[in-house]
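Visitor: I'm new to this one. Could you walk me through it, a piece at a time?

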Amino acid sequence: MSSLSRELVFLILQFLEEEKFKESVHRLEQESGFFFNLKYFEEKVHAGEWEEVEKYLSGFTKVDDNRYSMKIFFEIRKQKYLEALDRQDKAKAVEILVNDLKVFSTFNEDLYKEITQLLTLGNFRENEQLSKYGDTKTARSIMLIELKKLIEANPLFREKLVFPGLKSSRLRTLINQSLNWQHQLCKNPRPNPDIKTLFTDHTCNPPNGPLAPTPVNLPIAAVAKPAVYTSLGAHGPFPPTAAAGNANALAGWMANAAASSSMQAGVVSASSIPLPPNQVSLLKRPITPPVTLGMVEYQNPDHDQLMKRLRSTQSVEEVTYPTVRQQASGSLDDLPRTVAFTLHQGSAVTSMDFHPSHNTLLLVGCNNGEITLWEAGVRDKLYSKSFKIWDIQSCTLPFQASIAKDAPFSVSRVTWSPDGTFCGAAFSKNLIHLYAYAGPNDLRQHLEIDAHVGAVNDIAFAHPNKQPCFVTCGDDKLIKVWDLTGRKLFNFEGHEAPVYSICPHQKENIQFIFSTAIDGKIKAWLYDNMGSRVDYDAPGHWCTTMLYSADGSRLFSCGTGKDGDSFLVEWNESEGAIKRTYTGFRKKSAGVVQFDTTQNHFLAVGEDSQIKFWDMDNVNLLTSTEADGGLPSLPRLRFNKEGNLLAVTTIDNGIKILASVAGMRSLRSVEGPAFEALKPAIEPANVKFVGSNGQVSGSSVAPVNCKAERSSPARPSPILNGVDSMSRSIEKPRNLDDINDRIKPWQLTEIVDPVHCRVITMPDSTDCVHKVAKLLYTNSGVGLLALGSNGIQKLWKWARNEQNPSGKATANVIPQHWQPNSGLLMTNDISGVKLEEAVPCIALSKNDSYVMSATGGKVSLFNMMTFKVMTTFMPPPPASTFLAFHPQDNNIIAIGMEDSTIHIYNVRIDEVKSKLKGHQRHITGLAFSSNLNILVSSGADAQLCIWSIDSWEKRKLVPIQLPAGKAPNGDTRVQFHLDQVRLLVSHETQLAIYDASKMERTRQWVPQDALSSLISYATYSCNSQLVYASFCNGNIGVFDADTLRLRCRVAPSAYLSQTVLNGSQAVQPNVIAAHPQDPNQFAIGLNDGCVKVIEPSESDSKWGASPPADNGVLNGRVGSSTAASNQATDQAQR
């Protein structure tokens, strides 16, 4: 090919990139062999798209071209083989071995034999050379470094790794110049030539008279030029990414991911969220829609390329255990159809949403703008706030002027964030309100935005690129994306009518938003500024809402047409077509029907003063209920996340709670005993208050209701044992009846007998000399790892069998004390160490491949399959006392030391990157927060230090509040809540919750009554709803994580035998660990070396009942010891 032809290919590549024809760009790169796009190659390797990797490479080299090429292909195929082994996909591994790796056996037969032998190993890491193989993501990154070196050294890639420096739109410029020249050659040039094609030379039609030639600019109709969209600013929260951000395909409703691109277009410079760059070009002008599908495809002005189905990909970051997706199954008994009770709201309810994890917590919005938070389990309004503009001065002037004369504000939509830490409300005029939720009675004003002109019709939370955001839409035909600080990230224009609803979702690694407008148009958007990707017509051509099933695999929509006909349909995402239309609507509706999905199995619609239910797999109506009557013609409804409760609006401004059998059981567990049984005489009581100096004082006070004012969203003061300790939050009751009305029927659950819980003891765990110093579950939940004070680690694993089909840790099956065939023990370096003075520490990698630990000596890195020591580092002095992996990089470890410093250590290069100084005594705890970008450390000096992860600079030093006269010492431990903001701090004298964004203490519990002993350890449950704490007198407390109110006490007699209890050695839990997937399972390590797993009884299924926000109990104490013992008896009978 001539030099000019070669340059023409580069011009075409630039043009295709600018027009976003991503697949075409890379096919031309490969077929021409002129430019090897290293960034595209890297993306495909990171994504594990091995077929595409080799196909792309084949345009530039073959396996046997030279030694560099052979090495490149070998490394790729070897990685593909190891990943198949890591997935335990032996069939795929054999296929790769025979079809892909066999070719290398002629060059190195011994190597091929060694690779083949890996098939015989349970884990290929047992091979010495592969023992340091980490997770898949890291392995691919390491391989890429080697591949890039080989490619750069390969002579076949010379002059193919750099794209020529071209001015933007160079091909268009040349075409314009050509058309100008043609126009100048016209015999009768016209001033405004009408150029309609490039297929023939341009000539002007004869005019009435000769005119001078004029320069010609190529019209858009001839060669379309990408629109330049307004940038959101270079200082937006997400960096501009010309390659990754310009995602360009939603073909087939974005069901699958597709080929990617890395060439920079340089056309759109928006502050966009970096999305996986794996989409193909979309067509831009609507053509006649197919009649049967009711959809409009987009067509590009330049050609009639059809939308291509995207290839599915899977991104594997960690070694995972294969899971079997279970088919949804259910019966009518699973449907909540029985009316449990009615909540009296007082105003017409317009929107409802259950909390994602607190299954009885219901958020309600009303037509008068009121926001209410109900604890449905005890029928209590936790929070109620009338509408008010928080800061009118920050609103736009037109909005301020319209406030007085327009109709009152109504709530359009309320919704919770996926983690339940925020909730949002959209209003009928301009505004959205965002609240931060930190527990009962703690709904704080977070953000007010004048978001749209006119009504805000919907609000939903999203998590693009792991960044928490929320999306709004309104009557101004716009869709907007905001971060949690109120900064606008995107402004989507394209609808021609008010936008009625939005549905953010993520499919594989593509994040997008569906939107519907009142003209019946459905559009889809990526998080960029490239416009709508698809345009479909909703059945009925009017108001429609879209929802995914709980597992995200099925898409449904429900709505009503202008003629009153209602439609409920399931969509075929692959084709953008309706898969099935459900029947059973009888009447024409005057409004828009509402619907919801649950359990991946059922659909529910409110219509004709009934709730109608469908099985997702059957178009015929399954059943319906009138809920004992009193429903409006179009009731609003909402399932809780478990699907066992259904909230339905009533005609008299109430909310009926419908429940299934399981739902009734959960409601009873929250309600507790009957109210009449709890009317003891109310006496003056001594109430403890914690002042700002940490002093605890007591005073005799009249009977009061100790609760924070629910109408006030002001920031909370520290709460002692679940009760606000500040005098300003104690309301004086008007009379005795007022107090009785506010007492809630709840008492502590006490478990004193082994029959009331399930307990198993780990085999070979008892060691009367050496206590269990550290205890943790494997991240997969199938094993339990204990580090003894003698430096020896023991591992127990549960097998998958008929008794335990999940293979997860359980108290129903005794696990195996697991050791490799070699019989090796994982033993720390303890040479020269005084074990009685050593502080053992341990940390497990995210994929359970290796464990790092120390017991006064060097830190050892063990292979979890072979128990071999892979390496040792950080020899004392000083000795290591705490270990924590960096949340984004397994190679970075924070190591707390006995000399009070913290070392930030890079394992791969064996180097201490930073040394942090701030504590006075040895480090006892380390916790990272990715959301806040901080590291929190705790020390034996009873102080907390906050460090920036970016610079490792100390931000703040906070001493914990100790009781009067208590010296500042004792182990202090820290652990972040799932929201990465709330911080659990445990010390022998207290449990405390801190808001880590400000490092302010919001809750505190101090030992008292039956749990008056010192605290030995505490940890969050896996869902952060509970706190498990062990005590030095053998008791175990289960606390509500939001309020630190005690839910349940497990006495030593429940898990220790009488022989042990009567023995000479006082046995107590030294450490406690929570199961990573089961929130009601925990394990304890005792000072006699024994390890036990404990779960609630199968009849109870969870630890006690949630204590209500206000139950008339002062300082979290039970009214009397008699009441407590009676409660224990009741529990036994239940």
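Visitor: Let's begin with a single residue: in which strand is the place of Tyr 850?

Guide: Keep in mind that this is a predicted model. In it, Tyr 850 belongs to the strand that covers residues 850-854, and that is S46.

Visitor: Is Tyr 850 buried or exposed?

Guide: Buried means under 20% relative accessible area. Tyr 850 has 11% relative accessibility, so Tyr 850 counts as buried.

Visitor: And which residues is Tyr 850 in contact with, leaving aside its neighbours within four places in sequence?

Guide: Contact here means heavy atoms within 4.5 Å. With those sequence neighbours set aside, the list for Tyr 850 is Gly 134, Leu 844, Ser 845, Leu 861, Phe 862, Met 864, Met 870, Phe 885 and Asn 890.

Visitor: How many Å apart in space are Tyr 850 and Ser 131?

Guide: Along the sequence, 719 residues separate Tyr 850 from Ser 131. In space, going C-alpha to C-alpha, the gap between Tyr 850 and Ser 131 is 9.4 Å.

Visitor: On to helix H9: why does the distance between its end C-alpha atoms agree with what a helix of 15 residues should span?

Guide: Helix H9 takes in residues 170-184, and the expected span counts 1.5 Å times one less than the number of residues. That gives 21 Å for H9, so the end-to-end C-alpha distance agrees, being 21 Å.

Visitor: Which helix do the buried residues of H9 pack against?

Guide: Among the buried residues of H9 are Leu 171, Asn 176, Leu 179 and His 183. The partner that the buried residues of H9 pack against is the helix at 3-18, namely H1.

Visitor: There's also an open sheet of four strands; which are its edge strands?

Guide: The order in this open sheet is S53-S54-S55-S56, with antiparallel pairing. An edge strand pairs on one side only, and that holds for S53 (923-929) and S56 (954-959).

Visitor: In S56, what is the bridge partner of Trp 947?

Guide: Strand S55 (residues 943-948) runs antiparallel to S56, and five bridges join them. One of the bridge pairs brings Trp 947 together with a residue in S56, Lys 954.

Visitor: How many disulfides are there?

Guide: A disulfide is a covalent bond between the sulfur atoms of two cysteines. The test asks for a pair of cysteine sulfur atoms within 2.5 Å. By this rule, the disulfide count is zero.

Visitor: Last one: what is the mean pLDDT of the chain?

Guide: Confidence varies: over residues 208-329, for one, the pLDDT is below 50. Still, 78% of the chain's residues reach 70 or more, and the mean pLDDT is 79.

Key. Residues numbered from 1 in each chain as written. Predicted model: local features only at pLDDT ≥ 70, side-chain atom pairs only at ≥ 80, totals over all residues. Heavy atoms only, no water. Helix = DSSP H or I, 4+ residues; strand = E, 2+ residues; numbered from the N terminus. Buried < 20%, exposed > 50% of the residue type's maximum accessible area, 1.4 Å probe, protein only. Pairing = 2+ DSSP bridges. pLDDT = per-residue confidence, 0-100.
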